Amino acid sequence: MVKKLYKDGKAKTVTFSYDDGTAQDVRLVNLFNKYGLKCTFNFIAGKCDNACFMINDNGKCSWDNSDALRECFKGHEIANHSLTHPNLPKLSDEECRKEILEAKKILEENFGYEVRGFVAPGGDWNEHVLDIMRECGVVYNRISTSNFEFTLPEDFLKWDPTHTGHYFLHEHGKQVISDFLTTKTELACLYIYGHSYEFNIMHCYNQESWADIPDRWGYFEELVCRRLAFKDDIWYATNIEIYDYVTAMRKAEIGDTYIINPTDTELFFDVNGEVVSVKPNTRFDF
């Protein structure tokens, strides 16, 4: 029996996705780093004054401070959340391309690597917008439909996460995490998304979800970060890392007595109870 595994033979993966690029991202990065967790931060590239303003001496950061930005978000992923955060389906094709491509250019210039991920502003998209995303080199797009499940999308341009971060600050959120930690789902993925400013009492996105929690940062740390961290069977990954690995995995040919890996990515499987590595462009017989 063959079961697909994540990188290094891990059975599950955990990923986070936080939007807009705000001051609280800096604190969230430090929290994730403390527990070895990985996050994708989705920046509105045309509103850079909102991003990480605690970094430099004058209280704000500009895109001229690329070195500080890169160091701050090292080990995590920066993805595209558009240039100005419009409703993309209401734009002309030209305007839509501008929102994606100009933001992509700004982010790549300042973070020094290709930006391939995207989050549609407001969760607003249609099939035509997805076609434009493909033309612009977008490989995945997170949508805002929470599936409450640990499954991967058939189409990564319609990647629905498990649920928003503030959902996990309640008793039923504890159950979701418990279910994930014990699930036997193949390639299980726990995907939590939100806005880091939701942890700040004065700038709360969803106040009714937080009303009885005075220390939201501490609660999130205990309930989510501490419970998920440092598990031997979990791969802690960014959105793009999961996309790349799963895309390669889906190209593998699995037969009754063999596995063929036609990709440049090392793939991992559980074969009759034993973790095996199938090197890039090789065949494994069992």
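Between which two elements does the loop that holds leucine 187 lie? Select leucine 187 to find out: the loop runs between α5 (171-182) and β8. The model on screen is predicted, and this residue is a starting point for a walk through it.

**Stop 1: leucine 187**

Stay on leucine 187 and look at its backbone. Most residues other than glycine have a negative phi. Leucine 187 has a positive phi, near 50°. With a relative accessible area of 9%, under the 20% limit, leucine 187 counts as buried because of that low value.

**Stop 2: the whole chain**

Zoom out and colour by secondary structure. The chain shows eight helices and 14 strands. It has 286 residues, and buried residues make up 52% of them. Take the contacts between residues at least 6 apart in sequence: 63% of these join residues at least 24 apart.

**Stop 3: strand β8**

Now select residues 188-194, which form strand β8. Seven of its seven residues are buried. In a regular strand the side chains alternate between the two faces of the sheet. On one side of β8 you will find Ala188, Leu190, Ile192 and Gly194, and on the other Cys189, Tyr191 and Tyr193. Both of these faces are covered.

Add strand β2, residues 12-20. β2 and β8 are parallel and pair over seven bridges. To see one matched position, label threonine 13, which stands opposite cysteine 189 in β8.

Next add strand β7, residues 163-164. β7 also runs parallel to β8, and two bridges join them. Here histidine 163 stands opposite isoleucine 192 in β8.

**Stop 4: isoleucine 192**

Keep isoleucine 192 selected; its place is in strand β8. Is isoleucine 192 buried or exposed? Its relative accessibility is 0%, so it counts as buried. Show phenylalanine 16 as well and draw a line from C-alpha to C-alpha: the two residues are 4.9 Å apart in space. In sequence, isoleucine 192 and phenylalanine 16 are 176 residues apart.

**Stop 5: asparagine 239**

Move to asparagine 239, in helix α8 (residues 239-249). Asparagine 239 has a relative accessibility of 0% and therefore counts as buried. Which side chain does asparagine 239 join through a polar contact of 2.6 Å? That of tyrosine 191, a residue already seen in β8.

Display the surroundings of asparagine 239. Leaving aside residues up to four places away in sequence, asparagine 239 touches Thr15, Phe16, Ser17, Thr40, Glu77, Tyr140, Trp159 and Tyr191.

**Stop 6: helices α1 and α7**

Select residues 24-35 for helix α1 and 216-228 for helix α7. The two pack at an angle of about 35°, and their axes are 11 Å apart. The crossing of α1 and α7 is right-handed.

Show the side chains where they meet. From α1 come Gln24, Arg27, Leu28, Leu31, Phe32, Lys34 and Tyr35. From α7 come Trp217, Phe220, Glu221, Cys225 and Arg226. Sorted by class, the contact of α1 with α7 has seven nonpolar, one polar and four charged residues.

**Stop 7: a sheet of three strands**

Turn to the open sheet with the order β10-β11-β14, whose pairing is antiparallel. Its edge strands are β10 (253-254) and β14 (282-285), each of which pairs on one side only.

Begin with β10 and β11. A hairpin joins β10 to β11 through three residues. The two strands pair in the antiparallel sense over two bridges. Label isoleucine 254 and then its bridge partner in β11, isoleucine 259.

Then follow β11 (residues 258-261) to β14: four bridges join the two, which run antiparallel. Two positions are worth labelling. Isoleucine 260 has arginine 283 in β14 as its bridge partner, and asparagine 261 stands opposite threonine 282 in β14.

**Stop 8: histidine 85**

End in the loop between β4 (77-80) and α3 (93-111), where histidine 85 is found. Although histidine 85 is not a glycine, its phi is positive, about 65°. Leucine 187, from the opening stop, also has a positive phi. How does histidine 85 count by accessibility, and at what value? At 31% relative accessibility, histidine 85 is partly exposed, whereas leucine 187 is buried.

Technical notes: Residues numbered from 1 in each chain as written. Predicted model: local features only at pLDDT ≥ 70, side-chain atom pairs only at ≥ 80, totals over all residues. Heavy atoms only, no water. Axes fitted to C-alpha atoms, helices over the stretch in contact; angles between N-to-C directions. Left-handed = near helix turned anticlockwise from the far one by under 90°. Contact = heavy atoms within 4.5 Å. Nonpolar A, V, L, I, M, F, W, Y, C, P; charged D, E, K, R; others polar. Pairing = 2+ DSSP bridges. Buried < 20%, exposed > 50% of the residue type's maximum accessible area, 1.4 Å probe, protein only. Polar contact = N/O pair within 3.5 Å; in protein donor to acceptor, adjacent residues only side chain to side chain.
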